[in-house]
Every structure is written in C-alpha cells, then in structure tokens.
Amino acid sequence: MHSFGYRANALLTFAVTILALMCAMASFSDNLNHPSPSSSVQVLNVNWFQKQPNGNDEVSLTLNISADLQSLFTWNTKQVFVFLAAEYETSKNSLNQISLWDGIIASKEHAKFWTHTSNKYRFIDQGSNLRGKEFNLTLHWHVMPKTGKMFADKLVMSGYRLPKEYR
Amino acid sequence: MDWQGQKLAEQLMQILLLAFAAVSFGTGYVLGSFQMMMLIYAGGVVLTTLVTVPNWPFFNRHPLKWLDPSEAEKHPKPQQQQAQAVSSKKKPAKK
C-alpha cells in the first residue's frame, strides 16, 4: 500500500471481485422465487388446410393466446422470451414441435396479456399426417436474467384436434 | 504514507467496500431494483477511492523516525574489503 498506483489497483481488483460475488448472489436469489404462471389458448379458426406440392401438409390457424406470466419476473429479470409450440406424434417422429408464435416480454406490466393472431410461423408437417391429428399447444418461456442463470419452463395445454379433411 | 497509514488504508478499503456491497445488495433486493444496487455500489466504490487512495495527512500520523544526519556521521558504515584478485592470463599457443 506504499503508492497511489498500488492502492488504486488493490481497490479496483477487490471492488470487481465483490461485484462478481454480488451478481452470483443476485442470480441465486432467483431460486427463492416460486412462480405460478397461467395460460390458455383458443383455436378460433382453421383458416385453410392444404397439402403442399412437395407433399407436406400445411395448416393456418387463428389463435387467441392469453397468459399471465407476471409471477415469473424477479428483480433480476431482464426479459421473458415466450413461444407457443404445437406438439404431436407421427409414425415417423415420436415428437414434432412447431413454433407457431413467439414474443418478448420486457417488463412485468406487459406480462399479463392476450393476443388475437394467426400463426406467426408456418405450421408445416414433415409429411402428410395432419388430417384429424390430435395435438397439444405448449407455451414455453425463458426467463432471461440481468445476471446469472436462465430459467426455462413450459405449460402444456392439450385437447386440440385438426379437421379430418383439407379445407 | 507511513506503515501504520498503509495498514489503515488497506483495512479501510476492505471494510468500506464490503459494507457498501452489503448495503447495496440489501437495498436492491428489498426495493426489487437491480439498478439501485448498482448505483449504490458504484457510489460506494468512488467514495472508498476518495478516502483510501490519495495520500491524506491522517495516513501519516506515525512518520518514520530517520536518524539525524549529524548522528549518522558518528557511526560510519564499515568499509568493504577490496578483493585482491590476481588474474593470470594465458595466451593461447599459436599453432
């Protein structure tokens, strides 16, 4: 501690080390949060349902997605990335997951929302398996922190079925 | 700074930084504001720098007592013995 430079260096190093510790503690505090999110999705309309020239089925849906994800937010949350995936089984794949819609929620105030929209991304099958297909709509979310560990979870909503014939 | 001052500076730095870290984390957690934690901590780092890094007078309250020059002359340093090195050079024989 005999010179200005020596003390300044010691202080800065110690300060940054303590900062790293505080960030670790802040990330750990996220584990103390027990969220209780809720969501529901209605398929308002099957807009069209066709077999593409390449042989793959495609369907266009109008959805009403509503959710309350406010309990996911902590003091250490930067944003929540949320997406809705259609999940179903075929003889070729035991699990097909297709993202239909996604969004970024930047603050707790915007985390209780509903949106009336057609699917943002195309719902195309690998093959021609969608007629009369039963599928789940699963809401996935990633809680992205300001510092530290990211938490991801999902909510499965089942009981959706596609029409038996093309429209 | 003298020795006591250096020790004081080091201790003050460590205690101040830890204290500000605790206060800032607690305040940020209770208020639910990450930004508040960072602001308080940054302020604390600046304050600690101002208190411990410059050579303030209160760090020099126990100055080293150097020996008075007139007293030093009465006790001269012992002379070092000159080493008498006898070096013999051998010229390499020409072939």
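**Helix H2 of chain B**

Me: H2(B) has 19 residues; what span should they cover at 1.5 Å a residue?
Reply: Helices here are DSSP runs (H or I, at least four residues), numbered from the N terminus. The expected span is 1.5 Å times one less than the number of residues. The end C-alpha atoms of H2(B) lie 27 Å apart, which agrees with the expected 27 Å.

Me: First, the ground rules: this is a predicted model, where local features need pLDDT of at least 70, side-chain atom pairs need 80 or more, and totals for chains, interfaces and linings use all residues. Residues count from 1 along each chain, chains are lettered from A and ligands numbered from 1 as written, and side-chain values use heavy atoms, without hydrogens or water. Within what arc do the buried residues of H2(B) fall?
Reply: Buried means under 20% relative accessible area (1.4 Å probe, protein chains only). The buried set includes B:Phe34, B:Tyr41 and B:Thr48. The arc uses directions from the helix axis to the C-beta atoms. The buried residues line one face, because they fall within an arc of 105 degrees.

Me: Is B:Gln35 buried or exposed?
Reply: B:Gln35 sits on the other side of H2(B), with B:Leu39, B:Val46 and B:Leu50. Exposed means over 50%. At 60% relative accessibility, B:Gln35 is therefore exposed.

Me: At what angle do the axes of H1(B) and H2(B) cross?
Reply: Axes are lines fitted to C-alpha atoms over the stretch in contact, with angles from 0 to 180 degrees between N-to-C directions. The two axes come within 8 Å and cross at roughly 165 degrees.

Me: How many nonpolar residues are in the contact of H1(B) with H2(B)?
Reply: Ala, Val, Leu, Ile, Met, Phe, Trp, Tyr, Cys and Pro count as nonpolar. The contact has no charged residues, 6 polar and, for nonpolar, 17.

Note on methods:
Helices (H or I, at least four residues) and strands (E, at least two) are DSSP runs, numbered from the N terminus.
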